[in-house]
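Please open the structure in a viewer and keep the sequence at hand. The tour below proceeds by selections, each followed by an account of what is found there.

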Amino acid sequence: MFAEIKGLNEECGIFGIWGHKDAAHLTYYGLHSLQHRGQEGAGIVVKQGPQLIGKKGEGLVTEVFAAETFAELKGTSALGHVRYATAGGGGIENVQPLLFHSQCGSLALAHNGNLVNAHSLKHQLEMQGSIFQTTSDTEVLAHLMKRSGYRTIKEQMKNALSMVKGAYAFAVMTEDELLVALDPNGLRPLSLGQLGDAYCVASETCALDIVGAEYIRDIRPGELLSISDHGIESEPFTYSTQDAICTMEYVYFSRPDSNIHGINVHAARKNMGKRLAIQAGIEADVVTGVPDSSISAAIGYAEESGIPYEMGLIKNRYVGRTFIQPSQSLREQGVKMKLSPVRAIVEGKRVVMVDDSIVRGTTSRRIVSMLRDAGATEVHVCISSPPMKNPCFYGIDTSTHEELIASNHSAEEIREIIGADSLTFLTVENMLEAIGRPAINETCGQCLACFTGNYPTEIYPDTVLPHEKELMKK
């Protein structure tokens, strides 16, 4: 498999709209703006009169949906999804929205996040006669809803949500309404917007901006929101909530032009860079960021330190997902195919290289090597987040300690491994202050599990690999 420029991948992006004549087209644009959240598959389901119809496929949004596709996707409401495979793996059957038909009507289901008790629930459901069509944890919700015995979709969903645990932003569309729900910790972002008489929901506000919708508010943890021709209705499906938004949304995942809980992502990253500059106190000639998510932090670092920001690394945007089975030599040099140092900028210079995180260390080591090969006399690596020491079970593809270099090595050991002259990680306190969310409890309203090991939910045994269980106890 082709080496990625980043070591982290987030699971999904959701966009839904109710009550607009161009629902499918707007959903396409919304998904396009959320493409960074998943590149392995995309799908759109539309409400076409009294029925739901959909199209999905593997690949990018532009590859799955051609112009002629929209002639088949005419409708006044739509639900769309882009996917990066974590739980359940890839395959067309796992591309969402999942669409189910029954004598009682149809149901489309989309999910961002990861259910930590999906395995045990699947086992229980299969023992009761359920047959799963996918290997995705998302399908569990549909089976729980169908087997609940309640009459209305809303009551079915409330009952199902009481049984699932973990990180989830769910969207369910029927012929009559669009239902959205956020987990009790609000681990994944989900926003509500309005476009004329239509309402829409999106994983990030950048998707609302692209379709011209006005942002109304974020969906609240533990909230079930119903959108229909009668308007909007909101109710809690649980009162046991504790806000713990994923901190990596601010650090890496979300687009810089998105706002999460009223905080602009670019501004937060820029503040991280400023605090990193104060913390590091390095003498250097140029500051450069690793494209794209680290550019904001690098600009902040440069502004605070007074060291000029330069474009020392260029990203090649045309080495794509379809470059399959390269030779071993190219696989080893995968980073070089996606990143190139600018020799005229770094040659003979002391370089501060700002990046958002170090996961496995492989990418950082290769970038440092490239900068030295291009003539940099010193390379100082500054990371705008703390060391990532613990696996994530909420939708990020780091599920074991072995994958995380900081779990097994000190900062000094990591510095030696990646070949940097110095290595600075932003502290947890400085990161939280840079983001600007109030420190109201030990999680400060944010999930810090990958940094601190304090998980906001129970982690079920079937979520953790056997050899990981002892490490989790430490």
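Is helix H4 (residues 139–146) largely enclosed by the rest of the structure or largely open, and why? Select residues 139–146 in this predicted model. Seven of the eight residues of H4 are buried, so the helix is largely enclosed by the rest of the structure. The buried ones are Glu139, Val140, Leu141, Ala142, His143, Leu144 and Met145. To see what surrounds them, add strand S5 (98–102), strand S6 (105–115), helix H3 (118–127), helix H5 (153–161) and strand S7 (166–173), against which the buried residues of H4 pack.

**The whole protein**

Now show the entire protein. Its secondary structure comprises 18 helices and 23 strands. Of its 474 residues, 57% count as buried. Among contacts with a separation of 6 or more, 69% are between residues 24 or more positions apart. The protein exposes about 19,100 Å², and carbon and sulfur atoms supply 50% of that area.

**The second largest pocket**

Return to the surroundings of H4. The second largest pocket holds about 570 Å³ of space. Its lining consists of 26 residues, and those closest to the centre of the pocket are Ser102, Leu107, Lys146, Ile153 and Gln156. S5, S6, H4 and H5 are the elements that give two or more residues to this lining. Which of them gives the most? It is H4, with five residues. By character, the lining of this pocket divides into eight nonpolar, 11 polar and seven charged residues.

**The hairpin of S5 and S6**

Select S5 and S6 together. These strands run antiparallel and are joined by five bridges. Two residues connect S5 to S6 in a hairpin. Within this pairing, Phe100 stands opposite Leu107 in S6; Leu107 is also one of the residues closest to the centre of the second largest pocket.

Next, step back to Pro97, in the loop between S4 and S5. The peptide bond from Gln96 to Pro97 is cis, with omega near 0°. Most peptide bonds are trans.

**Helix H1 and its cover**

Select residues 23–33, which form helix H1. Eight of its 11 residues are buried, so this helix too is largely enclosed by the rest of the structure. Ala23, Ala24, Leu26, Thr27, Tyr28, Gly30, Leu31 and Ser33 are the buried residues of H1. Their cover includes strand S1 (12–18), strand S2 (41–48), helix H2 (61–64), strand S4 (77–83), strand S9 (191–195) and helix H6 (205–210).

**Ile53**

Select Ile53, which lies in strand S3 (residues 51–58). Leaving aside neighbours within four places in sequence, Ile53 is in contact with Ile44, Val45, Val46, Gln48, Glu72, Leu73 and Leu99. Ser106 offers a further point of reference: Ile53 and Ser106 are 53 residues apart in sequence and 9.2 Å apart in space, C-alpha to C-alpha.

**The hairpin of S12 and S13**

Move on to strand S12 (residues 223–228) and strand S13 (residues 231–236). How many bridges pair these two strands? There are six, and the pairing is antiparallel. S12 and S13 form a hairpin with two residues between them. Ile227 stands opposite Ile232 in S13.

**The largest cavity**

The protein contains three cavities of 30 Å³ or more. The largest cavity has a volume of about 80 Å³. To display its lining, select Leu187, Arg188, Cys246, Thr247, Met248, Cys392, Tyr394, Ile396, Cys447, Ala449 and Cys450. Nine residues of this lining are nonpolar, one is polar and one is charged.

**Two stops in loops**

Select His261, in the loop between strand S15 (259–260) and strand S16 (263–264). Although not a glycine, His261 has a positive phi of about 55°. Most residues other than glycine have a negative phi. Is His261 buried, partly exposed or exposed? With a relative accessible area of 29%, His261 is partly exposed, because that class lies between under 20% for buried and over 50% for exposed.

Finally, select Asp292, in the loop between strand S17 (286–289) and helix H9 (295–305). The peptide bond from Pro291 to Asp292 is cis, with omega near -5°.

Notes:
Residues numbered from 1 in each chain as written. Predicted model: local features only at pLDDT ≥ 70, side-chain atom pairs only at ≥ 80, totals over all residues. Heavy atoms only, no water. Buried < 20%, exposed > 50% of the residue type's maximum accessible area, 1.4 Å probe, protein only. Helix = DSSP H or I, 4+ residues; strand = E, 2+ residues; numbered from the N terminus. Contact = heavy atoms within 4.5 Å. Areas by Shrake-Rupley, 256 points an atom, 1.4 Å probe, with all protein chains shown as cover. Pairing = 2+ DSSP bridges. 1 Å grid on protein atoms, 1.4 Å probe; cavity = no way out; pocket = protein on both sides within 12 Å on 5 of 7 lines; lining within 4 Å. Points joined across faces, edges and corners; volume = space filled by probe spheres on them. Nonpolar A, V, L, I, M, F, W, Y, C, P; charged D, E, K, R; others polar.
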